[in-house]
Amino acid sequence: MRYLTAGESHGPRLTAIIEGVPAGLSLTAQDINEDLKRRQGGYGRGGRMKIETDQVEITAGVRHGKTTGAPITLNVTNKDHQKWLEIMSVEDIEEKLKSKRRITHPRPGHADLVGGMKYRFDDLRNSLERSSARETTMRVAIGAVAKRILAELDIDIANHVVVFGGKEIDVPDKLTVAQIKELAKKSEISVVNQEREQEIKDYIDQIKREGDTIGGIVETIIGGVPAGLGSFVQWDKKLDSKLAQAVVSINAFKGVEFGVGFQAGYRKGSEVMDEILWNEADGYTRRTNHLGGFEGGMSNGQPLVIRGVMKPIPTLYKPLMSVDIETHEPYKATVERSDPTALPAAGVVMESVVATVIATEILEKFSSDNMEELKEAVARYRDYVKNF
Ligand SMILES: Cc1cc2nc3c(=O)[nH]c(=O)nc-3n(C[C@H](O)[C@H](O)[C@H](O)COP(=O)(O)O)c2cc1C
C-alpha cells in the first residue's frame, strides 16, 4: 500500500490517492469522517476548526460500499477557501492583489524562512500553505482506511496524552487498548485520568491568555499485531524504524520512543528485557512489555507502545522577533490564525500514521488482493505462530 497527499491550507481542496488496498473492504465516507472530526476537536482548538467541519468525498476505488482493489481517491474541500479565492488563485492575478496576506516576517520554528530560501519565494505564504498541519487531514483520512483493514483483522488502536505542556498524567496500570480508547474519547484533552482534566484545561486557558503555546507527549498503543511484521535483514525493513519516520514526519513531532524508550538508558538489562512465557491458549507471551512489542526490528506479538513528542505550536499571538526578508530589519513574526495547543488532535494524527504503517506491513507480508484471502492468511499465520 502506498499513498500521496496534495493540497494547501487555504487552497480549494486536499487530496490523497491510496494504492494497494485489497478488494472487498467495506468502506464508507462516514468511517473516515468520524476520524476527521476527532482531528478537529480537542480543548484549545479555535476558529478554523469550526469553519471547516471536514467531510471526505471518495471519488475512486470504492463501489457499492466496498473497495475494488483500484486506487482510492479521497478529497476534502477547504470551505475556508471561498475567502481566499484571490490570494490562493491558481491563475496569475494583478500585482497589487498579490500583496494581500503576503508574508515577509517568517515565524521562528515554522517552515516559512527556510522554505523561502530553498524554493526562492518572495512571499513566504508559499511555504506556509503546504507546510501547515492542514495536510495532516489527509493522513488521518488515509489512516481511517488503514484502520478499517486492521479492524477486520481484530487489531485495535488507541492514543492518549501522557504529558500535557510538562504536566505528567499518571496512567493506571494494565488498561486495555479498548479501555484507553474509551477513556480518552470521554476527555476533551485525550487523557485517561479524568482527575487531571480541569487543571490542564485551566492551564491551556492561561497559556492562551499569555499568547503562548504548549506541546506534550502522546502515546499510541496497538493490540493484536501478529509477531513478525518488519524484518532485521535490512536497515530500512525494520518496523520500529518505519514507525519512527512516520511519527517524526508529523508536523511539530520531534522524537519517538518505543516501550520504556529513553528510560532504557537508565536501567539494567534485567529491568528492560521481557521474559518469554508460553501457554496453550495464547501461545508465546511476555511477563512484561518494557520493549513496547519490538525485538530485532519486528513486532513480537505484544501490544506495540509508541510515544511521540510534539513541540509547542510555533505561531504565537505574542510573537517572537524575526527579520523582514526584504529589508533585513527586525520585526515581530507574522501571526496566522493559531491555537495554544493542538496536542489531542496531534494524537489522532499519530494514531493514523501508526495504523497506516502497520496496515502497509501486513499487506506486504500476507497475500492481499482481496480481504477474504488476507483474513485467511493472517488467521493461518496466527495459528502457526502460537504453536511454533
Ligand atoms: C494537529 C496539528 C496542528 C497544528 N496546528 C498549528 C497551528 O495552528 N499553528 C502553527 O503554527 N503550527 C501548527 N502545527 C505545527 C506546525 O505545522 C509545524 O510546527 C510546522 O509545520 C513546522 O514543522 P516542524 O515543527 O516539524 O519543524 C500543528 C501541528 C499539528 C500536528
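These legends describe four close-up views of a predicted model. Local features need pLDDT of at least 70, side-chain atom pairs count only at pLDDT 80 or more, and totals for chains, interfaces and linings use all residues. Residues are numbered from 1 along each chain as its sequence is written, and side-chain values use heavy atoms, with hydrogens and water left out.

**View 1. The ligand and its surrounding residues.**
The ligand has 18 residues around it, where near means one heavy atom of the residue within 4 Å. Ala252, Lys254, Lys311, Thr315 and Ser338 come nearest. By class, this shell holds eight nonpolar, six polar and four charged residues. Ala, Val, Leu, Ile, Met, Phe, Trp, Tyr, Cys and Pro count as nonpolar; Asp, Glu, Lys and Arg count as charged; the others, Gly among them, count as polar.

**View 2. Polar contacts of the ligand.**
A polar contact is a pair of N or O atoms within 3.5 Å. A ligand oxygen lies 3.1 Å from a polar backbone atom of Ser131. Ala252 also offers a polar backbone atom, 3.0 Å from an oxygen of the ligand. At Lys254 the partner is a side-chain N or O atom, 3.0 Å from a ligand oxygen. The protein covers 87% of the 630 Å² of accessible area that the ligand has on its own (Shrake-Rupley method, 1.4 Å probe).

**View 3. Two open antiparallel sheets.**
Strands are DSSP runs of E, at least two residues, numbered from the N terminus; two strands pair if DSSP finds at least two bridges between them. One sheet has five strands in the order β8-β7-β9-β15-β10. β8 (167-168) and β10 (253-258) stand at its edges with a single partner strand each, so one side of each lacks a neighbour in the sheet. Two bridges join β7 (residues 156-164) to β8. Phe164 stands opposite Lys167 in β8. The other sheet has four strands, ordered β1-β2-β6-β3. Its edge strands, β1 (2-6) and β3 (56-60), each pair on one side only. The twist averages 20° from one strand to the next. Four bridges join β3 to β6 (residues 72-77). Glu57 stands opposite Asn75 in β6.

**View 4. Helix α1 against helix α10.**
Helices are DSSP runs of H or I, at least four residues. The axes of α1 (residues 29-40) and α10 (residues 343-365) come within 7 Å and cross at roughly 140°. Axes are lines fitted to C-alpha atoms over the stretch in contact, with angles from 0 to 180 degrees between N-to-C directions. Asp35, Arg38 and Arg39 in α1 meet Ala345, Val348, Val349 and Glu351 in α10 (heavy atoms within 4.5 Å). By class, this contact has three nonpolar, no polar and four charged residues.

Terms used:
Polar contact = N/O pair within 3.5 Å; in protein donor to acceptor, adjacent residues only side chain to side chain.
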